[in-house]
Amino acid sequence: MSQRTKIKALLQSQQTEIDVTVKGWVRAFRSNRFIALNDGSTNNNIQVVVDFENTDPALLKRITVGAALSVQGKLIASLGKGQTVEVVANAIEILGDCDPETYPLQLKNRPSLEFLREKAHLRFRTNTFGAIFRVRNSLAFAVHQFFQERGFVYLHTPIITASDAEGAGETFHVTNFDLDNIPKTDTGEIDFKQDFFGRATNLTVSGQLEGELGAMALSDIYTFGPTFRAENSNTTRHLAEFWMIEPEVAFNDLVDNMDLAEDMLKYVIKYALNKNADDIEFLTQRLTEEEKTKPQNERSEMTLLEKLQFCLNNDFERLTYTEAIDILKESPPNKKKKFVYPVEGWGTDLQSEHERYLVEKHFKKPVILTDYPKEIKAFYMRQNDDGKTVRAMDILFPGIGEIVGGSQREERLDKLEQRMNEMGIPTEELWWYLDTRRFGSCPHAGFGLGFERLVLFVTGMGNIRDVIPFPRFPKNAEF
């Protein structure tokens with residue numbers, strides 16, 4: 001039996017009049033003669049032509065949408081419209097039947113994204129999700145390739161940890177206790193000394209703190225792994241389980257950090273545009289159709305493809321938080337009270353409507369904001385001499401707002417301890433982190449990129465639950 005050839009390869013084939021074996025799932029079957037077959041290698045189907053007069057009627061009946069087939073036949077130049085080649089079938093084998101009465105993805109009904117979220121185990125079979133997950137795959141590969149080409153070490157930081165890097169307290173607890181019989185101390189508190197790790201532990205919210213330990217010996221490291229937040233949030237931008245990319249680089253300052261982040265974003269977007277041109281073209285058309293249903297003032301001024309090119313073709317605008325506040329305070333939407341969250345003045349925590357105004361209306365290019373008030377940023381960020389701001393940076397993209405957050409880290413032990421005390425973060429629990437400031441400390445910087453936010457941006461999808469294979473969110477851990 002000849003080797004299976006992927007449909008993507010057949011559609012690009014320069015050869016015809018050759019024998020091929022193709023396998024896939026039926027997307028459509030019309031006139032008892034033409035099968036649209038798809039194997040997930042591309043959104044495009046290959047047409048299989050059936051000699052129905054000489055085919056067992058019982059077999060023809062079993063060729064239904066969703067059924068898995070193996071087809072042996074000849075690849076020929078197509079006379080019909082819509083494809084350059086097609087397969088004339090000599091033999092068809094049904095590998096798996098699919099009952100059309102109970103199969104939930106009758107694609108002619110154009111199932112909604114909400115419906116497909118409930119069928120996440122099957123939604124990969126639609127064109128939209130096929131495109132999304134091929135693009136996601138390319139972006140993940142490109143992230144690794146970018147860092148590997150630059151000599152970074154890929155570091156696996158722990159999934160189970162005793163630290164809460166952000167100090168936000170929204171962590172999932174990890175325990176081996178019998179929940180019906182949790183041991184207590186004499187004072188009635190949970191006795192974690194009897195738990196598996198002998199202390200309270202949780203799922204990680206970030207690999208950054210451990211990543212810094214690696215950077216203090218290996219210089220350039222990055223992490224790329226799952227992170228978890230127990231935030232009771234049902235927005236289109238939040239997940240309870242998501243993937244983070246976190247480089248940490250010794251001897252880098254904030255400017256180096258901005259350069260690295262900008263280079264990385266441009267690199268991975270360019271890679272996906274080259275590798276997944278068909279998928280991005282399909283997603284661009286999908287988004288354009290979706291936009292037509294929105295009121296004019298909510299429509300994007302750019303197509304998806306234009307948005308991606310916009311990020312490649314522009315140097316990112318760099319300005320301080322203070323300069324951004326001045327711009328926003330004087331902006332027409334703020335003066336006309338159009339912002340949901342009015343910008344009162346310095347110290348305001350910027351919302352995505354403010355971030356998008358800066359990118360889409362004011363500068364018309366991606367923006368990197370730096371030097372935020374220390375009150376709204378994490379304890380580990382390097383303090384500026386003004387006593388008010390820290391060496392933080394956020395990268396803002398069109399349509400999405402913040403996509404990257406990072407900073408130069410506070411390498412001075414006394415300053416770090418002072419900040420931790422001010423914020424009520426116990427120094428004794430992070431003794432190991434402070435050790436890096438005791439023994440051969442040096443300036444260093446890093447950032448975090450929520451991978452799903454990146455996939456959301458590159459695919460043009462509106463809901464983060466649609467760019468991760470199996471979304472985890474409040475009251476949902478299906479599949």
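1. A point of vocabulary to begin with: two strands count as paired if DSSP finds at least two bridges between them. With that in hand, have a look at the open sheet of three strands in this predicted model. Its order is β7-β9-β8, and the pairing is antiparallel. β7 and β8 are the edge strands, each pairing on one side only. Between β8 and β9, which run antiparallel, there are two bridges, and Val-174 has Thr-201 of β9 as its bridge partner.

2. Staying with this part of the chain, you may like to look at the loop between β8 (173–174) and β9 (201–203), where Phe-196 sits. Is Phe-196 buried or exposed? Its relative accessibility is 60%, and exposed means over 50%, so Phe-196 counts as exposed. Phe-196 also belongs to a nonpolar surface patch with Ile-159, Ile-160 and Phe-197. Together these four residues offer about 390 Å² of accessible area.

3. Next, the N-terminal strands. Strand β1 (residues 18–30) is joined to strand β4 (residues 68–77) by eight bridges, and the two run antiparallel. Here Ile-18 has Leu-75 in β4 as its bridge partner. β1 also pairs with strand β2 (residues 34–38), again in the antiparallel sense, over five bridges; in that pairing, Trp-25 is matched with Asn-38 of β2. The β1 and β2 hairpin has three residues between its strands, and Ser-31 takes a positive phi near 55 degrees there.

4. Helix α5 (residues 208–218) deserves a close look too. Which of its residues are buried? They are Gln-208, Leu-209, Glu-210, Gly-211, Glu-212, Gly-214 and Ala-215. What do these buried residues pack against? Their neighbours are the strands β7 (160–161), β10 (220–228), β11 (241–250) and β16 (444–450), along with helix α13 (431–438). Just after α5 comes Ser-219, with a positive phi of about 70 degrees.

5. On to charged pairs. Side chains of opposite charge can pair when their charged atoms come close. How many salt bridges does the structure hold? The count is 28. In one of them, the side chains of Asp-279 and Arg-134 meet at 3.0 Å, N to O. This pair links distant parts of the chain, with Asp-279 in helix α7 (residues 277–291) and Arg-134 in helix α4 (residues 127–149), 145 residues apart. Asp-279 has a relative accessibility of 6%, so it counts as buried. Arg-134 is buried as well, because its relative accessible area is 15% and the cut-off is under 20%.

6. A further salt bridge brings together the side chains of Asp-394 and Lys-377 at 3.2 Å, N to O. Asp-394 lies in strand β14 (residues 389–397) and Lys-377 in the loop between β13 (367–373) and β14, 17 residues apart. Both Asp-394 and Lys-377 are buried.

7. That loop between β13 and β14 also holds Arg-382, whose side chain meets Glu-411 in a salt bridge at 2.9 Å, N to O. Glu-411 is in the loop between β15 (401–408) and α12 (413–422), 29 residues from Arg-382. Why does Arg-382 count as buried? Its relative accessible area is 18%, and buried means under 20%. Glu-411, with a relative accessible area of 12%, is buried too.

8. Finally, do look at the salt-bridge network that links Asp-259, Glu-262, Lys-266, Asp-315 and Arg-318.

Terms used: Residues are numbered from 1 along each chain as its sequence is written. This is a predicted model: local features need pLDDT of at least 70, side-chain atom pairs count only at pLDDT 80 or more; totals for chains, interfaces and linings use all residues. Side-chain values use heavy atoms; hydrogens and water are left out. Helices (H or I, at least four residues) and strands (E, at least two) are DSSP runs, numbered from the N terminus. Patches are made of residues with over 30% relative accessible area and no salt bridge: like charges are joined within 9 Å, nonpolar side chains (Val, Leu, Ile, Met, Phe, Trp, Tyr) within 5 Å. Accessible areas come from the Shrake-Rupley method with a 1.4 Å probe; for residues, only the protein chains shown count as cover. Buried means under 20% relative accessible area, exposed over 50%, partly exposed in between (1.4 Å probe, protein chains only). Contact means heavy atoms within 4.5 Å.
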